[in-house]
Amino acid sequence: MREMVMELLLVVIQLLVATIGGFVVAWLKEKLGEINYRKAYNVAKKSVQAAEQEFGYLSGEERRRKAITKIRQKLGDKLSEDEISTLIESAVFEMNLILKPPSVTPIE
């Protein structure tokens, strides 16, 4: 009887370890995905700022192409065109918020 209880306990512990291990692996994958996203966003942000600084005299579309080139140099082909465009738009939006904060109209 005692051996049966011990075997049952061993099976339960193994199931718990496997289940918890699965959750930990999933959490790590999600966390590493977030880290990679932040890295890509920071690269896009710096590329947009650099393109604005270096090529401010060019049209917006030409600066965008320069930023895409810089992002591709840093990250390779890890991101699709749509992903890069989204990152660039987010970086431009953030930059505009900082440089041109929205005006607040007082309520009378």
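The following exercises, each with a worked solution, concern the predicted model shown above.

Residues are numbered from 1 along each chain as its sequence is written. In this predicted model, local features need pLDDT of at least 70 and side-chain atom pairs count only at pLDDT 80 or more, while totals for chains, interfaces and linings use all residues; side-chain values use heavy atoms, with hydrogens and water left out.

**Exercise 1. Confidence**

State the mean pLDDT of the protein chain, and identify the elements with the lowest and the highest mean.

Step 1. pLDDT is the predictor's confidence in each residue, from 0 to 100. The chain has a mean of 82, and 88% of its residues reach 70 or more.

Step 2. Helices are DSSP runs (H or I, at least four residues), numbered from the N terminus. Helix α1 has the lowest mean pLDDT among the elements, 81, whereas helix α2 (residues 60-75) has the highest, 92.

Step 3. Where pLDDT is low, the predicted coordinates should not be read in detail.

**Exercise 2. A link between helices**

Determine which parts of the chain the salt bridge of lysine 45 and glutamate 94 ties together.

Step 1. A salt bridge requires a side-chain nitrogen of Lys or Arg within 4 Å of a carboxyl oxygen of Asp or Glu. By this rule the model contains seven. One of them joins lysine 45 to glutamate 94, at 3.0 Å from N to O.

Step 2. Lysine 45 belongs to helix α1 and glutamate 94 to helix α3 (residues 81-99), so the pair ties together parts that are 49 residues apart in sequence.

Step 3. Classify both by relative accessible area (buried under 20%, exposed over 50%, partly exposed in between; 1.4 Å probe, protein chains only). Lysine 45, at 24%, is partly exposed, and glutamate 94, at 25%, is also partly exposed.

**Exercise 3. Salt bridges of Glu61 and Arg72**

Describe the salt bridges that glutamate 61 forms with arginine 65 and arginine 72 with aspartate 77.

Step 1. The side chains of glutamate 61 and arginine 65 meet at 3.9 Å, N to O. Because these residues are four apart in helix α2, about one helical turn separates them.

Step 2. Both are partly exposed: glutamate 61 has a relative accessibility of 40% and arginine 65 one of 45%.

Step 3. In the bridge between arginine 72 and aspartate 77, the closest N and O atoms are 3.8 Å apart. Arginine 72 is partly exposed at 22%, whereas aspartate 77 is exposed at 69%.

Step 4. Salt bridges with shared partners join Glu61, Arg64 and Arg65 into one network.

Key: Helix = DSSP H or I, 4+ residues; strand = E, 2+ residues; numbered from the N terminus.
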